[in-house]
Amino acid sequence: MGEKIAEETNKTTGQRVLSVDGSTIVETSAKGIGTMLGVQYQSLVTYTGKMLENGTIAGNGIGLMMGKGGEHATFTAKGVGKFDQKGGISWRGMFHIQSTHAKWSRLTSVATVFEYEVDPEGNGKGILTEVK
């Protein structure tokens, strides 16, 4: 692993069930704050989680990061979630960040791993790390 790129906290703002036919799919939206490459930002994310027979969750997400100095980036993400003993979810996966802003543009060519913990009340905390 390489450099820690970002650290964030967020809060689930909404959820809805998209499907119960075959497998359950839930859409979740969240709003967060964090720091990426030294820049403070706000984020918006929407992701879907598909419940798998083995008890894990296959996740796909999209989002937006907006820095306080006009920085901006979008991202796509894929990951796997596992329920913890308290009813929260532990997520691991990959981000692909895209940005044309000078402070974040190098991230467009960087593979990024995320580790995220979300408690049963929807409070999340995570980090993004560059893959070398």
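Trainee: Which residues touch the most other members in the largest nonpolar core?

Mentor: The model is a predicted one. Its largest nonpolar core holds 24 residues. Within that core, the residues in contact with the most other members are Met36, Met65, Trp91, Phe95, Ile97, Trp104 and Leu128.

Trainee: Which elements give two or more residues to this core?

Mentor: The core just described draws on several strands. Those giving two or more residues are strand E1 (4-19), strand E2 (25-36), strand E3 (39-51), strand E4 (56-67), E5, E6 and E7.

Trainee: What does leucine 128 touch, not counting residues up to four places away in sequence?

Mentor: Leucine 128 belongs to the core residues named above. Its contacts include Met65, Phe95 and Ile97, which are also on that list. In full, leucine 128 touches Glu3, Lys4, Ile5, Ala6, Met65, Phe95, Ile97, Thr112, Val113 and Phe114.

Trainee: How many aromatic pairs are there, and how is the pair of phenylalanine 75 and phenylalanine 95 classed?

Mentor: The count comes to four aromatic pairs. In the pair of phenylalanine 75 and phenylalanine 95, the ring centres are 4.4 Å apart and the planes differ by 15 degrees. Phenylalanine 75 lies in strand E5 (residues 72-83) and phenylalanine 95 in strand E6, 20 residues apart. Planes under 30 degrees apart count as stacked, and the class of this pair is therefore stacked.

Trainee: Why is the pair of phenylalanine 95 and phenylalanine 114 edge-to-face?

Mentor: The two ring centres are 5.2 Å apart. The pair links strand E6, which holds phenylalanine 95, with strand E7 (residues 112-118), which holds phenylalanine 114. Since an angle over 60 degrees is required, the pair is edge-to-face because its planes stand at 65 degrees.

Trainee: Is phenylalanine 114 buried or exposed?

Mentor: Phenylalanine 114 forms one aromatic cluster with Phe75 and Phe95. Its relative accessibility is 7%. Buried means under 20%, so phenylalanine 114 counts as buried.

Trainee: Which residues form a nonpolar patch on the surface with methionine 94?

Mentor: Methionine 94 is located in strand E6 (residues 89-98). Its relative accessibility is 38%, so methionine 94 counts as partly exposed. The patch has about 290 Å² of accessible area together, and the partners of Met94 in it are Met1 and Val131.

Trainee: How far apart in space are asparagine 10 and threonine 56, C-alpha to C-alpha?

Mentor: Asparagine 10 sits in strand E1 and is buried, with a relative accessible area of 13%. In sequence, asparagine 10 and threonine 56 are 46 residues apart. In space, their C-alpha to C-alpha distance is 22 Å.

Methods:
Residues are numbered from 1 along each chain as its sequence is written. This is a predicted model: local features need pLDDT of at least 70, side-chain atom pairs count only at pLDDT 80 or more; totals for chains, interfaces and linings use all residues. Side-chain values use heavy atoms; hydrogens and water are left out. Patches are made of residues with over 30% relative accessible area and no salt bridge: like charges are joined within 9 Å, nonpolar side chains (Val, Leu, Ile, Met, Phe, Trp, Tyr) within 5 Å. Accessible areas come from the Shrake-Rupley method with a 1.4 Å probe; for residues, only the protein chains shown count as cover. A salt bridge is a side-chain nitrogen of Lys or Arg within 4 Å of a carboxyl oxygen of Asp or Glu. Helices (H or I, at least four residues) and strands (E, at least two) are DSSP runs, numbered from the N terminus. Buried means under 20% relative accessible area, exposed over 50%, partly exposed in between (1.4 Å probe, protein chains only). Rings of Phe, Tyr and Trp (its six-membered ring) pair if their centres lie within 6.5 Å; planes under 30 degrees apart count as stacked, over 60 as edge-to-face and the rest as tilted. A nonpolar core is a set of buried Ala, Val, Leu, Ile, Met, Phe, Trp, Tyr and Cys residues joined through side-chain atoms within 4.5 Å. Contact means heavy atoms within 4.5 Å.
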